[in-house]
Amino acid sequence: MNVSPWFVRHKSIMRLASLALLIISLLGPLSYDKIGVPAEFPCEWPIVRLYGDFCWMPFSWFSGFFLFSGYLFRILWALVTGTFIGLRRELLGGMFLALSILPLFSTLLLLKKKDLPRLRGFHLIALGLGCTFPLSILFGQHNVKIVLLWGPWLYILAAVGAVIFEILVTKTSPTRAE
C-alpha cells in the first residue's frame, strides 16, 4: 500500500490556493502615484501620507494593465507602419506585465490537464519568470516604505510557495515514472 503525503492527495486544492494568492497579490498595491499635498492637509482614503508633503495613491497590477492596454494598439500600429522609434520602454513594460500573468495560465493548465512532467516544468519556469516584475518593482522603489507595497511581496511569497510545492509533488508523487 503506497500512501502519498496529504499535499499530493490534495494538490488541486493547494494549486487553487496558490492561484487565489497570486490573483489577490495582483490586486494589491505594487507601486504608487505620488501626489503633492502640503503637510497641513490630510490625505484621505485611499490616498496615504508617504512622507513630508507627499501622499501616494496605490497603483495595482490591474491598473498598470489597463494603462498599458491603451499603449498596446499604439505599439502594434507602430510595428505595422514601421514607426516604432521611442516605444521600447512601453513594450518592455508590457512584457513585464504579461510575464506576471503567465503563472496564472500555467496553474489553470495544471488544474485542467493531467499532471504531465513537461507541464510542471513549464509551470516552474513561468513562476520564476513571473517574479521578475514584482522584484523589479521592489528594487526600483525609492523614498517609499516597501512594506506598504504588499502586492509584490505576496506575489513573490505565493510563487516561492508554489515552486516548493511543485518540487515536493514531483519528488513524492507515486506516478513519477510517467
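This tour visits a sheet, a histidine and a pocket in a predicted model.

**The sheet.** Begin by selecting the three strands, which form an open sheet in the order β1-β3-β2 with antiparallel pairing. Colour β1 (29–36) and β2 (48–51) separately: these strands stand at the edges, each with a single partner strand, so one side of each has no neighbour in the sheet. Viewed along the sheet, neighbouring strands are turned by 50° against each other on average, with direction ignored. Next, restrict the selection to β2 and β3 (residues 54–60), whose antiparallel pairing extends over three bridges. Within this pair, display Y51, which stands opposite F54 in β3.

**The histidine.** Now move to helix α5 (residues 117–130) and select H123, which lies in this helix. Is H123 buried or exposed? Its relative accessibility is 1%, and because buried means under 20%, H123 counts as buried. Show the side chain of S106 as well; a polar contact of 2.6 Å joins it to the side chain of H123. To see the wider surroundings, add P103, T107, L110 and E166, which are among the residues in contact with H123 when its neighbours within four places in sequence are left aside.

**The pocket.** Finally, turn to the largest pocket, with a volume of about 510 Å³. The pocket is lined by 17 residues, and those closest to its centre are R89, G93, G94, L97 and F133. Which helix gives the most to the lining? Select α4 (88–112), which gives the most, with six residues. Then add β1, α3 (61–81) and α6 (132–140), each of which supplies at least two residues of the lining.

How values were computed. Residues are numbered from 1 along each chain as its sequence is written. This is a predicted model: local features need pLDDT of at least 70, side-chain atom pairs count only at pLDDT 80 or more; totals for chains, interfaces and linings use all residues. Side-chain values use heavy atoms; hydrogens and water are left out. Two strands pair if DSSP finds at least two bridges between them. Helices (H or I, at least four residues) and strands (E, at least two) are DSSP runs, numbered from the N terminus. Axes are lines fitted to C-alpha atoms, for helices over the stretch in contact, and angles run from 0 to 180 degrees between N-to-C directions. Buried means under 20% relative accessible area, exposed over 50%, partly exposed in between (1.4 Å probe, protein chains only). A polar contact is a pair of N or O atoms within 3.5 Å; within protein, one must be able to donate a hydrogen and the other to accept it, and residues adjacent in sequence count only if both atoms are side-chain atoms. Contact means heavy atoms within 4.5 Å. On a 1 Å grid over the protein atoms alone, a cavity is a set of points where a 1.4 Å probe fits but cannot get out, and a pocket is an open set with protein on both sides within 12 Å along at least five of seven lines; lining residues have an atom within 4 Å of a point. Grid points are joined across faces, edges and corners, and a volume is the space filled by probe spheres set on the points.
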